[in-house]
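Colleague: I would like a close look at one part of this model, the residue whose side chain reaches a backbone nitrogen early in the chain. Please go on from there to the ring pairs, the charges over rings and the helix packing.

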Amino acid sequence: MTAASGKRAANRSERLARAAAICGAGSKICPPQRTTELLEAVIEPGDRVAIEGDNQKQADFLAASLAKADPARLHDLHMVQSVLALSDHIAVFERGIANRLDFSFAGLQSRKLAELVASGSLKIGAIHTYLELYARMLVDLTPRAALVVADKADRHGNLYTGPNTEDTPVIVEATAFSGGVVVAQVNEIVDHLPRVDIPGGWVDVVVQSPTPYAIEPLFTRDPAKIREDKILMAMMAIAAVYEPYEIRRLNHGIGYATAAIELILPTFGAARGLKGKVATNFVLNPHPTLIPAIEAGFVEGVYCFGSELGMERYVSQRADIFPVGADGNLRSNRALAQVAGQYACDLFVGATLQIDAQGNSSTATKGRIAGFGGAPNMGADARGRRHSSPAWLRAGQQAGDTTRGRKLVVQMVDTRQPDGTPSFVERLDAVDLAASAGFAVPPVMVYGDDVTHVITEKGVANLLLCRSLAEREGALRAIAGDTEFGQAQSPDMTRELRARGIVMLPSDLGIDVRDARRELLAAQTIDDLVTASGGLYAPPAKFRKHATAGAEAGKPGTAS
């Protein structure tokens, strides 16, 4: 044993001894009312601490307990976490418990995060992709304490994560095998688990939360809110990308445009004879809007980042499609799904808030530090790839590369955001954000040289066919509509790009915009999805209650 490992082991023993004084000798169970006291015992000032919480499930009780800690006892913590989603994630910085952060996505906390950075209350190490953050947890951002979440535990500390395994394995393994302490929040403690997802030898303390952990149905899109412009964009995506490139393996973002694609596969896609030829294998959460395509026989397999509330029974009854264990429940894994999305898929379709003249995109805008989630992993050409497919080879050939193929990376975005803000800009806000936040480089979500197609309600830009930066810029301006960015385009340039197939308007694809009607959707309401599932889909109450209320709010497809 080296001196370094000896010190780490001795320190871990000291922490566990303090935990034993709270849990009792030989017990891994901490009384819920003593959780903050436990965290003050096993975490030390200056520690790196990981709180599990991605786009969906949250170790919310542990987060709240940490936020209540005494800053005189716990301070200068370095938080390493996938997502800042809860007010308690922010509170640790406001109260002086933590002062440094490495993360992937901020979502609802993006504005507050920007304020804290501006005030000097916290320093951001980097905005990572999910896979990048997991990798660094294994290398140089290894947590000294991990606060994770699971459905059930037994008294030995074995964990059952159920369908929402997600980030748990990578966080636990990074911590447990580097002398750290792992604390797990669970919904219940039982004598026998349906299956063991995390071995008890990797878990030091278990806390039964007073209430079930929070989980967000992030990937549920109400078909009633899909507008006709999204249906038109979906038709163009299928006609310009899915069909000619023979896309079989793919990942979709979380927006309404990709939900529209899923819902017109059994109608528009079937009418074009594409069943069995496109969209057969997804790396995707169990999107409810995918139900009609599954039932129509389009989909052969779905590997999942996480689960989706209400889809549990449907998924369990579709074990031929989803990864379902002997216990009858989904097994998800966010880290492995990120790898699959990067290397096993031929196509990523996402969305963004801003695109510049060269196709660079970002969700980091003025006053918001939103982060990226998994989009940069899946929205990037994987240069380590060595297997071929028709889609990969065709994309490489169009790019003028005879030695390798290319992954297809598509951004689907309205020319204006729901509030009227232009989506196309001459300069990303991320450039100014980098200067104000002290980042070494602007937080670009997907780099323009990885983007192969951009689709708006006006048309499609095939950037693979561009042979100069001027042509890329011209192709983007041609589909930017009545924005200031689009109005700077020369009509002659647009005509030339259309003649070469770089810019494709609906008519160029044989699409009549009048055919982009809601009747084309295989399900037009949440209730239609329930019917399509044979009654197995049980949507959360808020989706039944508001199934037909309101207009689409719009959200960038950065998650997964």
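**A serine side chain and its surroundings**

Modeller: A polar atom of the Ser27 side chain lies 3.1 Å from the backbone nitrogen of Ile29. The model is a predicted one. Ser27 is found in the loop that runs between helix H1 (3-23) and strand S1 (29-30). With a relative accessibility of 31%, Ser27 counts as partly exposed, because the partly exposed class lies between 20% and 50%. From the C-alpha atom of Ser27 to that of Gln397 the separation is 62 Å, and the two residues are 370 residues apart along the chain.

A second side chain-to-backbone contact involves Asn251, in strand S10 (residues 249-252). Here a polar atom of the Asn251 side chain lies 2.7 Å from the backbone oxygen of Val283. Asn251 has 0% relative accessibility and therefore counts as buried.

Next, the aromatic rings. A pair of aromatic rings is described by the distance of the centres and the angle of the planes. Searching the whole structure gives three aromatic pairs. One of them is Tyr130 with Tyr134, a stacked pair with 6.4 Å centre to centre and 10° between the planes. The pair counts as stacked because planes under 30 degrees apart are put in that class. Both tyrosines belong to helix H6 (residues 130-139), and because they are four residues apart in it, about one helical turn separates them. Tyr130 is buried, at 0% relative accessibility, and Tyr134 is buried too, with a relative accessible area of 2%.

Phe177 and Trp202 form an edge-to-face aromatic pair, with 5.1 Å centre to centre and 85° between the planes. Phe177 sits in the loop between helix H7 (168-176) and strand S8 (181-189), while Trp202 sits in the loop between S8 and strand S9 (205-208), so the pair ties together parts that are 25 residues apart in sequence. Phe177 has 52% relative accessibility and counts as exposed. Trp202, at 24% relative accessibility, counts as partly exposed.

Two arginines lie over aromatic rings. Arg477 has its charged end over the ring of Phe485, 4.2 Å from the ring centre. Arg221 lies over the face of Tyr256, and the distance to the ring centre is 5.3 Å.

That leaves the helix packing. Two packed helices are described by the angle between their axes and the distance between the axes. For helix H2 (residues 35-42) and helix H3 (residues 60-67), the axes come within 8 Å and cross at roughly 70°. H2 is therefore roughly perpendicular to H3, a class that covers angles from 65 to 115 degrees. On the H2 side the contact is made by Thr35, Thr36 and Leu39, and on the H3 side by Phe61, Leu62, Ser65 and Leu66.

Helix H4 (residues 87-94) and helix H5 (residues 110-119) have axes 11 Å apart and pack at an angle of about 10°. H4 and H5 are therefore roughly parallel to each other, as angles under 35 degrees are put in that class. Ile90, Phe93 and Glu94 of H4 make this contact with Lys112, Leu113 and Leu116 of H5.

To return to the starting point, Ser27 is partly exposed, and the backbone nitrogen 3.1 Å from a polar atom of its side chain belongs to Ile29.

How values were computed. Residues are numbered from 1 along each chain as its sequence is written. This is a predicted model: local features need pLDDT of at least 70, side-chain atom pairs count only at pLDDT 80 or more; totals for chains, interfaces and linings use all residues. Side-chain values use heavy atoms; hydrogens and water are left out. Rings of Phe, Tyr and Trp (its six-membered ring) pair if their centres lie within 6.5 Å; planes under 30 degrees apart count as stacked, over 60 as edge-to-face and the rest as tilted. Helices (H or I, at least four residues) and strands (E, at least two) are DSSP runs, numbered from the N terminus. Buried means under 20% relative accessible area, exposed over 50%, partly exposed in between (1.4 Å probe, protein chains only). A charge sits over a ring if NZ of Lys or CZ of Arg is within 6 Å of the ring centre and within 35 degrees of the ring normal. A polar contact is a pair of N or O atoms within 3.5 Å; within protein, one must be able to donate a hydrogen and the other to accept it, and residues adjacent in sequence count only if both atoms are side-chain atoms. Axes are lines fitted to C-alpha atoms, for helices over the stretch in contact, and angles run from 0 to 180 degrees between N-to-C directions. Angles under 35 degrees count as roughly parallel, over 145 as roughly antiparallel, 65 to 115 as roughly perpendicular and the rest as oblique. Contact means heavy atoms within 4.5 Å.
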